[in-house]
Structure formats: structure tokens, C-alpha cells
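This briefing goes through one protein chain, topic by topic. Please keep the sequence and the 3D view at hand while reading.

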Amino acid sequence: MTQTYRAVLFDMDGTLLEPSIDFRALRERLGVPLSADILDWVFEQPPTQRERLNSILLEVEIEAAERSALLPRARETLEWLTDKGIRHGILTRNSQEAWDRIRVRCDLRGIGDVFTREGGPAKPDPACLAPILRRWSVEASKIVHVGDYLYDLQLARVTGMHSILIHSSGANPYPEPSDFIARDHGELLEYLKRLFP
């Protein structure tokens with residue numbers, strides 16, 4: 001591998017953490033159509049309705065944060081990156097308040113660079129990457145992005161990041177390609193060791 005990477009950017013839910021939000025139930029509770037993106041749809045509602053829906057969304061996220069747990073071997077991945085001095089952070093569609101609770105509950109206080117939806121547009125909008133590129137002084141092509149969902153793959157493609165999909169099947173179920181698929185953090189860590197020798 002001739003490319004030199006300088007940083008790793010993680011999604012949070014389903015990538016570092018066990019999935020803990022039932023998105024189908026959340027859609028039903030909020031009244032979001034299946035064809036719509038949850039965050040976009042909530043944002044497009046009239047102000048009073050948007051405020052009510054945002055408070056439901058935050059309540060669900062905080063409940064999930066209180067149950068949050070790291071995926072097996074995720075801590076090993078994070079510790080290896082820290083020990084190697086490889087810059088890493090999180091880009092999540094989750095709220096800052098939920099992250100604050102997850103950070104304490106899962107003892108992730110060592111991750112200093114966390115970008116929540118309050119910081120700007122949400123994935124897969126490529127503009128969401130701008131604050132990270134500024135803070136890290138790095139080009140998108142030098143970042144390895146690790147995620148578990150279509151939006152992660154879309155963001156990586158349009159911005160030129162190297163994409164890793166975490167999916168327990170070892171296959172990509174989405175219509176967007178990935179550069180590598182890891183079944184779990186064991187496979188992810190072995191691949192990262194090849195990217196960052």
C-alpha cells in the first residue's frame with residue numbers, strides 16, 4: 001500500500017458502540033416516513049413541531065447513551081491508535097449531550113476530537129468534514145473513515161477518504177462501495193496495522 005494515511009475517523013453507533021437505538025421505533029414515534037432521513041425531516045418541520053420532535057429525539061439518544069457499551073475489542077483498537085500516536089476522532093449524527101454521557105459511561109475521555117451534529121451539517125453532507133479537516137490540518141484523502149452504514153460510505157466516497165465498513169456478515173449490503181470490510185474490531189485492527197505500519 002503506497003498511500004500514507006495520517007488519521008482515522010470513526011462513526012460511533014454500530015462502529016465503536018453496540019447499536020442501541022431502534023431506528024424503526026424511533027421513526028414511528030416521530031412520524032418520519034421510511035423514505036426520509038430522520039434528521040433532515042425533523043429539521044424541515046415548522047419551528048414548534050421541530051422543537052417537540054427534537055426533544056423526543058434527544059430523549060431517545062440519552063436513553064441509549066445510558067445503556068451504551070463498546071463493541072468487543074473496540075478499546076484495543078483505540079488504544080493501539082493512541083500508542084502509535086495516530087490521530088483519531090469521532091464524527092457522529094448523535095447529539096453532544098448523548099456523547100457527553102457516552103464518553104463517561106464507556107470511559108472514552110481520551111478521545112478529544114468528537115464532532116456531533118451540533119457542529120454543522122450531518123453525514124453524508126460533505127460539509128460536515130470541513131471542521132475536522134481544519135482542526136487536523138489534513139486532506140480528506142489522508143483520512144481512513146470507519147463506519148457501519150450507507151451514510152459513512154457515501155461521505156467517504158464524495159470526500160475521497162479511505163473507507164472501511166464494519167459489518168458482521170463480512171459483506172457490504174449497501175449500494176456504495178467500500179475499500180475494506182471488517183467483520184469486527186479484530187479484523188479492523190489487523191487492517192489498520194497494514195495501513196499504518
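**Overall fold**

Residues 24 or more positions apart make up 62% of the contacts in the protein with a separation of 6 or more. The model is predicted, and the values below are computed from it. The protein has 8 helices and 6 strands. In sequence order they follow the pattern β-α-α-α-α-β-α-β-α-β-α-β-β-α. The radius of gyration is 16 Å, close to the 16 Å that the globule rule gives for 197 residues, so the protein is as compact as a globular protein of that length.

**Size, surface and charge**

- Taken along the principal axes, the C-alpha atoms fill a box of roughly 50 × 35 × 35 Å.
- Of the 197 residues, 49% count as buried.
- The exposed surface of the protein is about 9900 Å², and carbon and sulfur atoms supply 50% of that surface.
- The protein carries 25 positive and 30 negative charges, and the mean positions of the two sets are 3 Å apart.

**Cysteines**

- The structure holds 0 disulfides.
- Cysteine 106 has a relative accessibility of 5% and therefore counts as buried, the cut-off being under 20%.
- Cysteine 128 is also buried, with a relative accessible area of 5%.
- Cysteine 106 is one of the residues in contact with arginine 75.

**Backbone exceptions**

- Most residues other than glycine have a negative phi, and most peptide bonds are trans.
- The peptide bond from lysine 123 to proline 124 is cis, with omega near 10 degrees.
- Proline 124 sits in the loop between β3 (113–115) and α6 (130–136).
- Arginine 73 is not a glycine, yet its phi is positive, near 70 degrees.
- The loop between α3 (47–67) and α4 (74–84) holds arginine 73, and this residue is partly exposed at 44% relative accessibility.
- Serine 137, likewise not a glycine, has a positive phi of about 50 degrees.
- Serine 137 belongs to the loop between α6 and β4 (143–147).
- With a relative accessible area of 56%, serine 137 is exposed, because the cut-off for that class is over 50%.

**Arginine 75 and arginine 52**

- Which helix holds arginine 75? Arginine 75 lies in α4.
- Arginine 75 has a relative accessible area of 32%, so it is partly exposed: the value falls between the cut-offs of 20% and 50%.
- Outside its neighbours within four places in sequence, arginine 75 is in contact with Leu70, Cys106, Asp107 and Leu108.
- Arginine 75 and glutamate 187 are 112 residues apart along the chain, and their C-alpha atoms are separated by 14 Å.
- Arginine 52 lies in helix α3 and is partly exposed, with a relative accessible area of 46%.
- How far apart in space are arginine 52 and methionine 161, C-alpha to C-alpha? The distance is 36 Å, for a separation of 109 residues in sequence.

Notes. Residues are numbered from 1 along each chain as its sequence is written. This is a predicted model: local features need pLDDT of at least 70, side-chain atom pairs count only at pLDDT 80 or more; totals for chains, interfaces and linings use all residues. Side-chain values use heavy atoms; hydrogens and water are left out. Helices (H or I, at least four residues) and strands (E, at least two) are DSSP runs, numbered from the N terminus. The radius of gyration is taken over C-alpha atoms; the globule rule is 2.2 Å times the number of residues to the power 0.38. Buried means under 20% relative accessible area, exposed over 50%, partly exposed in between (1.4 Å probe, protein chains only). Contact means heavy atoms within 4.5 Å. Accessible areas come from the Shrake-Rupley method with a 1.4 Å probe; for residues, only the protein chains shown count as cover. Lys and Arg count as positive and Asp and Glu as negative; His and the chain ends are not counted. The place of a charge is taken as NZ of Lys, CZ of Arg, CG of Asp or CD of Glu. A disulfide is a pair of cysteine sulfur atoms within 2.5 Å.
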